[in-house]
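Me: I should like to understand how the terms used for a protein structure are justified. Please take me through the structure shown here, setting each term against its meaning.

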Amino acid sequence: MKRRNKISLYITLFFIVLYIALLTILYVSEYQDSASSIRSFSDAFWYSLVTLTTVGYGDLIPVTPLGHAVGIVFLLLSAGIMMTLFGAVLSFVTSEGFPLFLLGFQRTKDWYYFADYGAEANILSANIYKEDPDTVIIFGGKRDDQMEYPDYPCLFINVSPARIVACKKNAGSKCRVFLMQENDIGVNSRAIDLHQLPVEVYARTTNGQDRLSGNIRFFHSYDCCARQYWRSKPLCSDENTIVIIGFGNYGRFILERAVLTNVISVSQHVTYHIFGDAREFLAMHTQLNRTFSIGRESETTDSLIFHDEIWETQHEVLQKADRIIICHDDEPQGWSIFWRLSKYYKIHGKVHLHSNRKAPGVEYFGTNEEIYTPNQIMRTALNQAAITINEIFCRSVSYPTLSWEDLDDFHRESKISAADHLLTKIRILLKDDTITEFDALTVQKAYQIYCETKKDEAVLDMYRRLDHLRWLRFYTFYNWSYGVYRDDTARQHPMLCPYKDLTLEQKKERDAAWELLGSISVGLK
């Protein structure tokens, strides 16, 4: 037992003994006096309660000098007890006890706990509340008096996630924990032992894999921004030249999503011109030259051209660009590039600026409101789609395959990448580049077109060829190469070859990503 607890116990025992002693003295001194109304130990106990609580009925009063002395002690103690009780109530109301008490009445609702209150946490919680007003938002810190109170109901409770989970008692719906600061899980004291709690934990990071096993799931704000960018501003069939200015965190993830997602035709030849320091990127992705033309423009495949010189010197490239993406990590620097580009250069294509500030006449992207949404951070729909793809794949092949729970991080990410391409497939089937969201009717219509058109062997072959190209990009991005036998340790795979060299069964494997449309359309009804 801790020293502090021992002291509290001794003090409590002392007051109990003192109280019993006073009752005994009062009883002994009063019961022998015929004029006294306190004739038993229970009378003495009742008198003490009435006196200590300051009720003072007057039905029992001491008459002996010793009884009067004990009465005076009780009177003096009553003032202290009332002040203590008042202080305890005040402390309960103003401390974490009262909010936790109120929280106990809302156990059947969804709880969202944020370790700290900040701009990102505020926006995500506001978006969560918009989607589900019958939810409980909890911030694990004291509210600053200078802080503007959020526009949605929430609680500021300075307690750990474990305390919140204990209060939830596994009742009702889920409890989720969020750490919104970059790499917070490595430094925040409230992240200790989160892996042991029976809740979903979402932690913002700048490195590491997105884990879908266990209870901790990492998310990258830069990756969320890139996903949202290509979702809301998809590559169109008439675009052949894309310029990316700024190759920091945002630029790198925007290019990564382009590599993995922008597969819209088997005959496409989009050229990406990238301005920024790409040495680390090129050193890391050594197999990309198997699916891209690196350093020179190609008429048969997509090209990645990295420029060592500054973008200002490339007037011809900027002039012919169908799209210019300004995604400098330093937002003011991005605005400076935008104004200089608008003022001094002849531009015929679209210009998209990464900015958290909105301005009329500017096509911007990557605001916090767009990035920090439940769909972006928790990726529930995307992850479920990836699981469904794996289930379809397992049923469609003749050889043994692994269930979702048995897949490692890389192969899970492979299925997620396939699910990420779903919206692109819908655009291809419906021949509509403007689709940025989909509902049950849209998916059903796309799936019907797929079922009808795949009866033509040439069209079915084109669908398979397209998804094989997407699959090749994913594997070469992660430095896999061709091998006669699959070897995960050596990163070799027998399907990393031209489509024409695949067996019929290998070609059929590409159907799973298209058949996902059927499962999604049923699930959305």
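The questions and replies below concern a predicted model.

Me: What makes the seven strands one open sheet, and in which order do they stand?
Reply: The order is β9-β10-β8-β7-β11-β12-β13, and the pairing is parallel. At the edges stand β9 (293–294) and β13 (363–365), each with a single partner strand, so one side of each has no neighbour in the sheet. That is what the word "open" refers to here.

Me: How do you know that β9 and strand β10 (residues 303–307) are paired?
Reply: Strands count as paired when at least two bridges are found between them. β9 and β10 share two bridges in the parallel sense, so the criterion of at least two is met. Within β10, Ser-303 is the bridge partner of Ser-293.

Me: What are the partners of strand β7 (residues 241–245), and how many bridges join it to β11?
Reply: Four bridges join β7 to β11, and the two run parallel. Five bridges join β7 to strand β8 (residues 271–275), also in parallel. Ile-245 has a bridge partner in each of these strands: Phe-275 in β8 and Ile-326 in β11. Ile-242 stands opposite Arg-323 in β11.

Me: Why is the crossover from β7 to β8 called right-handed?
Reply: The chain passes from β7 through helix α8 (residues 249–261) to β8, and this β-α-β crossover is right-handed. The term applies because, with the strands pointing away from the viewer, the path from the first strand over the helix to the second runs clockwise. A right-handed β-α-β unit is also made by β11, helix α11 (residues 331–344) and β12. Helix α11 lies across β7, β11 and β12, and runs at about 160° to β12.

Me: What joins β11 to strand β12 (residues 350–354)?
Reply: Four bridges do so, in the parallel sense. In β12, Lys-350 is the bridge partner of Arg-323.

Me: What makes both faces of β7 "covered"?
Reply: A residue is buried when its relative accessible area is under 20%. On one side of β7, Thr-241, Val-243 and Ile-245 are buried, and on the other Ile-242 and Ile-244 are buried. Five of the five residues of β7 are therefore under the 20% limit. Strand β11 (residues 323–326) is likewise covered on both faces, with Arg-323 and Ile-325 buried on one side and Ile-324 and Ile-326 on the other. In a regular strand, side chains alternate between the two faces of the sheet.

Me: How do you know that the buried residues of helix α6 (residues 161–168) line one face?
Reply: The buried residues are Pro-161, Ile-164, Val-165, Cys-167 and Lys-168. Viewed down the axis of α6, they fall within an arc of 160°, so they line one face of the helix. Just after α6, Lys-169 takes a positive phi of about 60°.

Me: What makes a group of residues a nonpolar core, and how many residues has the largest?
Reply: The residues must be buried, of nonpolar kinds such as Leu or Phe, and joined through side-chain atoms within 4.5 Å. The largest core has 62 residues, and those with the most contacts inside it are Phe-114, Phe-178, Leu-255, Tyr-272 and Ile-325. Its largest share, seven residues, comes from α8. A second, separate core has 30 residues, including Ala-385, Leu-407, Leu-466 and Ile-520.

Note on methods
Residues numbered from 1 in each chain as written. Predicted model: local features only at pLDDT ≥ 70, side-chain atom pairs only at ≥ 80, totals over all residues. Heavy atoms only, no water. Buried < 20%, exposed > 50% of the residue type's maximum accessible area, 1.4 Å probe, protein only. Contact = heavy atoms within 4.5 Å. Axes fitted to C-alpha atoms, helices over the stretch in contact; angles between N-to-C directions. Arc of directions from axis to C-beta.
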